[in-house]
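Here are some notes to read alongside the model, meant for someone opening it for the first time. Have a look at the picture, then work through the points in order.

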Amino acid sequence: MPGSRRRTVADPPRLAVVGTSGYAFSYLHRARILHDEGLVCFAGMADVRVPSAAAVALLPEGATAHVGVDELLRRCRPDITVVATPPHAHVRVGGAVLRAGSDLLLETPPVLDLAGFTTLTRLAAESGTACQTGFQSFGSPALPVLRAAIATGRLGGVAGVGAAGAWIRTDAYYRRNPWAGRRWLDGEAVVDGALTNPFSHAVATALLVGGVAADDPAEIALELYGTRDIEADDTACLRIRFGDGPEIVVAASLCAEQDHEPYVVVHGSRGRAKFWYKSHRLELDDVRVHLGEPVDLLRNLVAHHRDPAGVPLLAPLSGTRAFASVVEAVRDAPSPSRIPAGWIRTVGEGASRHPVVRGIGEEVAVAADRLALFSEIGVPWASAAGAAERTG
């Protein structure tokens, strides 16, 4: 089906986007920029809902809007397709894209369990297509520098990699769609918790920096907590251990006093490194390194489509196997424990209302620094008895 097999090599690849609202809108914008630069032919978009006027306005002349992915694939015959749907639709929609012979960029979290990872990996191999994920930090110019510091022994032996994030999320955030804050919806896993959606980048980046992103964890320990009347956690931490390689600890909360920029910290025997993955700042032994802007992952996929041997994918699905194991463990864990009301205060009103957990901004940082769970660093409301553990 892909048009590239029916046109000359000189023709730009046909690009389509599934999803038109929320973060998907940014992909429509990027697709139009690539089209105007002559790098792709932005052929169309699809959504189960009627797209907004702003979304339609981004379509170039001749591009079309469609109700679902099947119609989009049949009518537009894209060579590259972006899927930015709700996460629980990724395997179904992404699978249709790969079966149609189109390269795929899958927004995060790419899959919600190992079964989904295996399905899409198999379909990509069978169809000879590429599958990129939307972990933007994987395109950071800081990563090669950080990897080189680890590989050359500048930091010494790496004992572990920590990550910390603390943001504010208001009531409006949990009203943004029917699956927000849910673990399950209509019998399908959603897993919209702190570690698996807003801070999925922290987890995936820590695994990548630790060199274990494609491995199977030997043990995953979880502590999931909540402050709201929702199914999913809004405050959580985890430890991931492997048969070989450093242990990974990630602590995160959506109940902060103020937004803190999330980061990954590498603990070496001779030094440490800190990587702020959203701003792409890197600190090696207290020396700041400024490296410029990240590579756009959609541009990387377009370049890979044109030259698969010469341009490797920066965020391939194959490099997210351990992350899929984490999401599956969160999905299967007991319901989050409630943080006692005495540790929570409410700020704002109406849609701007949000809970604040006392001291959580500092506590996620301590967990990442000590490579320890909340219960191990003495957080008063955290209990090891409420932790979930999974072994490989």
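1. Start with helix α8, residues 297-306, in this predicted model. Helix α8 lies across β1, β4, β5 and β6, and its direction makes an angle of about 165° with β5.

2. What do those strands belong to? They sit in an open sheet of 6 strands, with parallel pairing and the order β3-β2-β1-β4-β5-β6. The edge positions go to β3 (64-66) and β6 (131-133); each has a single partner strand, so one side of each is left without a neighbour in the sheet. Going from one strand to the next, the twist averages 20°.

3. Another helix to find is α3, residues 69-76. Helix α3 lies across β1 (14-18), β2 (41-46), β3 and β4, and it runs at about 155° to β2.

4. Now for β4 and β5, two of the strands that helix α8 lies across. Residues 80-83 make up β4 and residues 103-106 make up β5, and the two pair in the parallel sense over 4 bridges. If you want a place to check the register, Val-83 stands opposite Leu-106 in β5.

5. Next, β2. How many of its 6 residues are buried? The count is 5, so β2 is largely enclosed by the rest of the structure. On one side, β2 pairs with β1 in the parallel sense over 5 bridges, and Val-18 stands opposite Ala-46 in β2. To get from β1 to β2 the chain passes through helix α1 (residues 24-36), and this β-α-β crossover is right-handed.

6. The other partner of β2 in the sheet order is β3. These two pair in the parallel sense as well, over 3 bridges. Here Gly-44 stands opposite Thr-64 in β3.

7. Further along the chain, try β18 (residues 344-347) and β19, which pair in the antiparallel sense over 4 bridges. Arg-345 stands opposite Val-356 in β19. The two strands form a hairpin with 6 residues between them, and Gly-348 in the turn has a positive phi of about 80°.

8. One last look at β19, residues 354-357: which way do its residues point? His-354 and Val-356 go one way, while Pro-355 and Val-357 go the other. In a regular strand, side chains alternate between the two faces of the sheet. As for β19, all four of the residues just named are buried, whichever way they point.

Terms used:
Residues numbered from 1 in each chain as written. Predicted model: local features only at pLDDT ≥ 70, side-chain atom pairs only at ≥ 80, totals over all residues. Heavy atoms only, no water. Pairing = 2+ DSSP bridges. Axes fitted to C-alpha atoms, helices over the stretch in contact; angles between N-to-C directions. Contact = heavy atoms within 4.5 Å. Buried < 20%, exposed > 50% of the residue type's maximum accessible area, 1.4 Å probe, protein only. Right-handed = clockwise from strand over helix to strand, strands pointing away.
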